[in-house]
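Reader: Could you walk me through this structure and show me how to read its features?
Author: Gladly! Let us put it in front of us and start with a single residue.

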Amino acid sequence: TVALCFFNLEDILKALELPEISQYAPAVIILMFSFMASTTLTSASSISLEGNSLWILKCSPLSVSKIFYSKILLNIVIFVPASIICAIVISIVLKFSLFNTLMMIIAPSVISILLSVLGVIINLYLPKLVWTAPVAVVKQGASMLVCMLAGFALMAAPILFFVLLKPQIDFYVFIVTVIYIALTLLSMAYLKQKGEKLFKRL
């Protein structure tokens with residue numbers, strides 16, 4: 001984002017030896033933002049990090065849903081505001097259309113929300129509550145690995161289908177975003193239905 005404020009996009013792409021992707025600049029930037037969202041996965045270890053203190057959380061007056069939402073919101077707050085600011089700045093500098101600007105804001109945000117919810121779900125199934133240092137949960141926890149793989153799969157699938165089908169780029173970005181929104185709603189419904197039971201059995 002900072003580089004685009006001082007250098008021309010074509011010059012940056014030439015320096016990276018990727019001049020041919022300039023026509024897909026909005027989609028590439030959306031993909032980059034979405035990839036960054038897939039590496040921000042605090043929720044995937046949020047339950048495990050409670051460790052031996054999990055019983056305190058269970059005994060608190062907070063509802064299970066509020067506990068889950070707090071874990072999800074932390075992940076969202078870390079990524080989404082910065083992503084929106086960068087998207088607006090880039091859109092102004094590169095004079096993108098309103099559609100591309102909205103997609104740059106919405107698509108990475110939806111990915112972040114989806115992975116935040118999936119992170120909690122995966123961590124409920126793959127908790128690591130016995131540890132001597134928090135770094136063991138983050139770097140060696142199975143839930144983190146599975147959530148990262150899920151994030152990469154969510155990035156790889158649209159790229160693969162785009163290469164195979166070669167659709168109109170703006171329409172394709174819109175359809176993929178709608179699919180991600182649907183997956184997010186399904187994940188939230190699943191967490192609401194199964195989450196409390198999974199949490200209580202920990």
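Reader: Let me start with K166: is K166 buried or exposed?
Author: K166 has a relative accessible area of 64%, so it counts as exposed, the cut-off being over 50%. Do keep in mind that we are looking at a predicted model.

Reader: Where is K166 found?
Author: K166 belongs to the loop between α8 and α9.

Reader: And what can I learn from the phi of K166?
Author: The general idea first: most residues other than glycine have a negative phi. K166, which is not a glycine, has a positive phi near 50°.

Reader: Thanks! Stepping back, how many helices and strands does the protein chain have?
Author: There are nine helices and zero strands in the protein chain. Following the sequence, you read the pattern α-α-α-α-α-α-α-α-α.

Reader: How should I describe two helices that pack together?
Author: Packed helices are described by two values, the angle between their axes and the distance between those axes. Take α3, residues 25-38, and α5, residues 64-94: their angle is about 165° and their axes are 11 Å apart. Angles over 145 degrees count as roughly antiparallel, which is why α3 and α5 are described as roughly antiparallel to each other. Where α3 passes α5, the crossing is right-handed.

Reader: Which residues make that contact between α3 and α5?
Author: From α3 come I29, F33, M36 and A37, while α5 supplies F79, S83, C86, A87, I90 and L94. Sorted by class, the contact of α3 with α5 has nine nonpolar residues, one polar residue and no charged residues.

Reader: What is the angle between α3 and α8?
Author: For α3 and α8 the angle is about 160°, and the axes are 8 Å apart. The two helices α3 and α8 are therefore roughly antiparallel, and their crossing is right-handed. On the α3 side, the contact is made by L31, S34, F35 and S38; on the α8 side, by G151, F152, M155 and I159. In this contact of α3 with α8, five residues are nonpolar, three are polar and none is charged.

Reader: Let me try another pair. How do α5 and α6 pack?
Author: Helix α6 spans residues 98-125, and α5 packs with α6 at an angle of about 160°, with axes 9 Å apart. That makes α5 and α6 roughly antiparallel to each other, because the angle is over 145 degrees. In passing α6, α5 makes a right-handed crossing. By class, their contact has 16 nonpolar, seven polar and one charged residues.

Reader: What about the inside of the protein chain?
Author: In soluble globular proteins, nonpolar side chains tend to be buried together. Here, buried residues make up 40% of the 202 residues in the protein chain. The largest nonpolar core has 47 residues, and F68, M104, L124, Y180, L191 and F199 have the most contacts inside it.

Reader: Which elements give two or more residues to this core?
Author: They are α3, α4 (54-59), α5, α6, α8 (142-165) and α9. The element that gives the most is α6, with 13 residues.

Reader: Which residues is F68 in contact with?
Author: Setting aside neighbours within four places in sequence, F68 is in contact with I47, V120, L124, L191, G195, E196 and F199. On the scale of the protein chain, residues 24 or more positions apart account for 82% of the contacts with a separation of 6 or more.

Reader: Can a loop residue serve as an example too?
Author: T40 is a good one: it is found in the loop between α3 and α4. T40 counts as buried because its relative accessibility is 16%, and the cut-off is under 20%. Not counting residues up to four places away in sequence, T40 touches N75, I78 and F79.

Reader: And which residues of α9 could I look at?
Author: Try T184, which has its place in α9, residues 169-200. At 7% relative accessibility, T184 counts as buried. Apart from neighbours within four places in sequence, T184 is in contact with V110, I113 and L114. M188 is found in α9 as well, and at 35% relative accessibility M188 counts as partly exposed. M188 and S116 are 72 residues apart along the chain, and their C-alpha atoms are separated by 10.0 Å.

Technical notes
Residues numbered from 1 in each chain as written. Predicted model: local features only at pLDDT ≥ 70, side-chain atom pairs only at ≥ 80, totals over all residues. Heavy atoms only, no water. Axes fitted to C-alpha atoms, helices over the stretch in contact; angles between N-to-C directions. Helix = DSSP H or I, 4+ residues; strand = E, 2+ residues; numbered from the N terminus. Parallel < 35°, antiparallel > 145°, perpendicular 65-115°, else oblique. Left-handed = near helix turned anticlockwise from the far one by under 90°. Contact = heavy atoms within 4.5 Å. Nonpolar A, V, L, I, M, F, W, Y, C, P; charged D, E, K, R; others polar. Buried < 20%, exposed > 50% of the residue type's maximum accessible area, 1.4 Å probe, protein only. Core = buried A, V, L, I, M, F, W, Y, C linked by side-chain atoms within 4.5 Å.
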